[in-house]
Amino acid sequence: MNRFLFAVSACALVFAAPVMAQEEGDTQQNAAAGPARTTGSMASRADISRHDAAKAAGFRALHLCTGLFTSEMSEDLVRATLSRSTKLPGFEETIDQDGKYVAVSYLDDMPPRYAVFRPNMGCTQLPIGADLTIADNLTPWPADLETPNLDDQPWPMGDVDAAAEIDADSKAALEAVLDVAFEDQAGKYKGDTWGVAIVKDGKIIAERYAEDEGYGPHVSARTNSMCKSLSASVVGVGVRKGLVDINEPAPLAAWRTPGDPRGKITINDMLHMASGLWTSGAGNPQRDIYGSGAPVSEISVLNMIDAEPGTQFVYSGSDTIMSVRAVREAFDDDAAWVSFPHRELMWKIGMTRTVMETDWRNDFLGSGQCWSTVRDFGRLGLLYLNDGKWNGEQILPADWSEYVSTYAPAQPGSHTTGSAGYGAQFWLYDERQGLQSPGYSAAGAYGQYAMIVPGENLVVVRRGLDVGAGFNIASFTADVIDALEK
């Protein structure tokens with residue numbers, strides 16, 4: 001298996017066909033050295049458009065910036081996990097350790113693409129054509145708010161006493177299941193696995209990482225659409241605080257003109273991926289949000305109606321992003337908003353190594369631009385198993401777990417042929433996918449899963465870099481359950 005081929009989530013970033021057609025077997029070139037530039041507007045003849053080159057450079061800058069300044073990955077691992085779409089010739093990198101930014105040059109007649117770091121918020125991609133001036137206007141992280149170090153606290157807030165022993169027969173059977181998971185494409189579940197944690201009755205009973213490649217319990221990696229479930233949780237916090245009602249028209253000012261057909265879209269519609277807004281698929285309009293630095297407040301919010309809200313399932317990350325923006329507009333305090341997910345959700349449950357990144361206008365790109373660890377998503381799963389309560393505090397509405405795990409009125413077409421169904425930003429699994437005890441999962445492209453199985457008091461987190469056949473999370477979870485019955 002070649003783990004150097006990590007591709008960006010199809011539901012977070014889809015480059016044009018010429019870019020994606022790069023040979024998958026290519027190794028990562030040293031863009032810092034770069035080939036000599038050609039004359040003309042293109043830095044090289046890569047058979048891609050100017051805009052595609054700008055997007056590829058922008059994502060390269062963003063991935064390097066987040067990986068180097070946020071994750072506990074080594075630099076080698078950060079580079080190894082770059083998308084194949086960033087291997088185009090002609091790119092030149094500038095990594096500024098003091099200024100905490102990355103610049104990637106791509107055209108002779110355009111400024112580089114920039115990604116800039118803010119503490120706790122990861123990196124923000126500046127729009128095409130921008131210089132660092134915009135970075136001076138980004139809302140800063142509150143100076144008096146420090147990231148808590150919870151490692152020395154008991155699990156699940158921290159890492160102390162995280163593991164629990166199980167009987168020898170079950171342990172042996174469970175370890176055998178993990179052995180198969182790490183066989184990657186040669187194994188029963190396929191995929192290319194780098195991390196697994198099994199959380200049963202609140203404790204980690206099995207955990208394994210591809211340590212020879214640099215992974216471990218504190219290494220965060222890009223979650224892709226797994227982040228959608230975290231975004232739904234932020235919305236849940238907004239509901240519990242009385243900021244929004246998901247069944248009322250979404251409180252987005254841009255849709256409030258009398259007669260605007262978008263004015264009847266609810267957050268419930270958006271969480272169900274049924275806003276009715278136009279999209280040609282998972283990559284539209286996200287390709288410009290994630291690659292071009294186009295702001296959500298323009299490219300998503302100002303989109304047009306295509307179907308009656310609530311009637312058509314279309315897997316569009318813009319629905320996720322706008323549901324969180326609706327909470328932001330209701331919250332109405334941008335200086336405090338940038339830390340809202342941390343203060344009101346993530347830090348309260350020990351997710352201190354998770355970042356939700358924003359666009360340059362501070363809208364969280366919660367459809368896929370998050371970085372997190374295996375253990376942090378284990379903690380999120382525990383929050384849902386506990387019906388939104390943590391250490392005696394009701395963080396999510398008491399019925400939020402039931403809400404997100406209930407089949408939405410409009411389902412993906414693939415569900416009729418036996419594939420997973422959809423709730424509210426979680427995918428739903430049952431006996432039709434081989435899981436006798438129903439579960440619901442955060443799920444992201446290239447093998448990111450956090451399966452929650454209430455009937456077994458179980459969370460199964462699996463992270464990977466699948467570049468061939470995808471990982472079968474339902475089969476894996478079913479085998480985990482069987483092993484625990486030995």
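This is a chat between a trainee and a mentor about a predicted model.

Trainee: How many helices and strands does the chain have?

Mentor: The chain has 14 helices and 16 strands. The model is predicted. Of the 486 residues, 60% are buried.

Trainee: What share of the contacts joins residues at least 24 apart?

Mentor: Taking contacts between residues at least 6 apart in sequence, 68% join residues at least 24 apart.

Trainee: Which order do the strands take in the open sheet of seven?

Mentor: The order is 6-5-16-15-14-13-12, and the pairing is antiparallel. Strand 6 (203–209) and strand 12 (421–422) are the edge strands, each pairing on one side only.

Trainee: How many bridges hold strand 5 to strand 16?

Mentor: Seven bridges, in the antiparallel sense, between residues 193–200 of strand 5 and residues 458–464 of strand 16. As one pair to look at, Val199 stands opposite Val459 of strand 16.

Trainee: And which strands does helix 14 lie across?

Mentor: Helix 14, residues 473–484, lies across strands 5, 6, 13, 15 and 16. The helix runs at about 135° to strand 16.

Trainee: Switching to strand 3. Is it mostly covered or exposed?

Mentor: Mostly covered: strand 3 spans residues 113–118, and five of its six residues are buried.

Trainee: What does strand 3 pair with?

Mentor: Strand 2 (residues 101–105) is joined to strand 3 by four bridges, running antiparallel. Strand 3 is also joined to strand 4 by four bridges, again antiparallel. In the pairing with strand 2, Val102 has Ala115 of strand 3 as its bridge partner. In the pairing with strand 4, Val116 is matched with Thr124.

Trainee: What is there to see in the hairpin of strand 3 and strand 4?

Mentor: Three residues sit between the two strands, and Asn120 takes a positive phi near 70° in that hairpin.

Trainee: Where else is phi positive at a residue that is not a glycine?

Mentor: Met273 is one, with phi of about 60°, and Asn362 is another, with phi of about 70°. Met273 is in the loop between helix 6 (267–271) and helix 7 (286–291). Asn362 is in the loop between strand 8 (355–356) and strand 9 (370–372).

Trainee: Why do Met273 and Asn362 count as buried?

Mentor: The cut-off for buried is under 20% relative accessible area. Met273 counts as buried because its relative accessibility is 0%. Asn362 counts as buried because its value is 6%.

Trainee: Where is the cis peptide bond?

Mentor: It joins Trp155 and Pro156, with omega of about 10°. Pro156 is in the loop between strand 4 (122–125) and helix 4 (168–181). As background, most peptide bonds are trans.

Trainee: On to pockets. What volume does the largest pocket have?

Mentor: About 270 Å³. It is lined by 18 residues, and those closest to its centre are Thr70, Thr352, Arg353, Thr354 and Val355. By class, the lining has seven nonpolar, nine polar and two charged residues.

Trainee: And the second largest pocket, what is its volume and what lines it?

Mentor: The second largest pocket has a volume of about 170 Å³. Ten residues line it, and the closest to its centre are Trp427, Tyr429, Ala443, Gly444 and Tyr449. Strand 13 and strand 14 (439–444) are the elements that give two or more residues to this lining.

Trainee: How does the lining of that second pocket divide by class?

Mentor: The lining of the second largest pocket has eight nonpolar, two polar and no charged residues.

Conventions
Residues numbered from 1 in each chain as written. Predicted model: local features only at pLDDT ≥ 70, side-chain atom pairs only at ≥ 80, totals over all residues. Heavy atoms only, no water. Pairing = 2+ DSSP bridges. Contact = heavy atoms within 4.5 Å. Axes fitted to C-alpha atoms, helices over the stretch in contact; angles between N-to-C directions. 1 Å grid on protein atoms, 1.4 Å probe; cavity = no way out; pocket = protein on both sides within 12 Å on 5 of 7 lines; lining within 4 Å. Points joined across faces, edges and corners; volume = space filled by probe spheres on them. Nonpolar A, V, L, I, M, F, W, Y, C, P; charged D, E, K, R; others polar. Buried < 20%, exposed > 50% of the residue type's maximum accessible area, 1.4 Å probe, protein only.
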